[in-house]
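User: I am new to this structure and would like to go through part of it step by step. Please show it first.

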Amino acid sequence: FFKVVQKSCDFRRALLDPVKHTLKAGACFVRYSFVNGMPVIEHYASKYCYPDFDQVGELDSLDVMYIYDDEDDKDANKNPKKKWFKMTFTKTADILFDNPEYRQGAEPEFTEVQRVTHGLGWVQGEWLCTDKDKHNPDGWSLYGDILGFIDDLNYSLSQSSQAIGYNQEPQLAFNGMEE
């Protein structure tokens with residue numbers, strides 16, 4: 001049974017990106033649901049998720065909120081408008097909200113658009129994290145502490161590569177430049 005479920009929802013491929021994001025950022029929310037009788041797995045980056053846990057550490061609810069460019073709604077200059085997205089997952093329902101326009105410095109006001117009541121008693125998803133911490137829902141990033149070093153290394157390699165490229169320029173030989 002589990003092999004059939006894994007195959008029908010392409011379980012391995014569907015979880016590859018969330019696992020990579022969890023290792024990179026420390027946490028990720030993976031949501032599973034059924035659409036037209038088929039299992040669907042999707043994930044949300046932890047920086048857009050606001051989880052709330054109960055006393056035993058299980059998800060009580062989770063808000064997903066972020067700003068996106070709406071390509072279907074453009075301003076006078078034909079640039080896509082920035083809009084809010086919000087969806088809430090609870091133990092009894094999944095709630096979708098409208099998409100108000102983003103205004104810098106202003107709090108968005110959301111209106112419920114659709115509610116699907118499932119009454120399962122658990123959030124249809126899993127909060128993946130690299131570490132369990134009572135005071136922080138996110139785990140530790142696998143390489144977050146070395147980002148500065150990686151930037152320095154990239155800059156150094158870039159400069160070395162550029163110097164080697166200039167040294168091999170054929171223009172120097174054409175102009176008769178000596179060593």
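User: What is the sign of phi at Gly 26, the residue that follows α2?

Analyst: This is a predicted model. Gly 26 comes directly after helix α2. Its phi lies near 105°, and the sign is positive.

User: How far apart are the end C-alpha atoms of α2, and why does that agree with what a helix should span?

Analyst: Helix α2 covers residues 11-25, which is 15 residues. At 1.5 Å a residue the helix should span 21 Å, so the distance in the model agrees with the expected one. The end C-alpha atoms are 21 Å apart.

User: Which strands do the buried residues of α2 pack against?

Analyst: The buried residues of α2 include Ala 14, Leu 15 and Pro 18. His 21 and Thr 22 are buried too. Residues three or four places apart in an α-helix point the same way, because there are 3.6 residues a turn. The strands that the buried residues of α2 pack against are β1 (27-35), β2 (38-45) and β8 (125-129).

User: In what order do the three strands of the open sheet lie?

Analyst: The pairing in this sheet is antiparallel. β2 and β8 are the edge strands, each pairing on one side only. On average, neighbouring strands are turned by 20° against each other, direction ignored. The order is β2-β1-β8.

User: Which residue in β8 does Cys 28 stand opposite?

Analyst: β1 and β8 pair in the antiparallel sense, over five bridges. Across from Cys 28, in β8, stands Leu 128.

User: What angle does the direction of α2 make with that of β1?

Analyst: α2 packs on the sheet and touches β1, β2 and β8. Its direction and that of β1 make an angle of about 160°.

Technical notes
Residues are numbered from 1 along each chain as its sequence is written. This is a predicted model: local features need pLDDT of at least 70, side-chain atom pairs count only at pLDDT 80 or more; totals for chains, interfaces and linings use all residues. Side-chain values use heavy atoms; hydrogens and water are left out. Helices (H or I, at least four residues) and strands (E, at least two) are DSSP runs, numbered from the N terminus. The expected span of a helix is 1.5 Å times one less than its number of residues. Buried means under 20% relative accessible area, exposed over 50%, partly exposed in between (1.4 Å probe, protein chains only). Contact means heavy atoms within 4.5 Å. Two strands pair if DSSP finds at least two bridges between them. Axes are lines fitted to C-alpha atoms, for helices over the stretch in contact, and angles run from 0 to 180 degrees between N-to-C directions.
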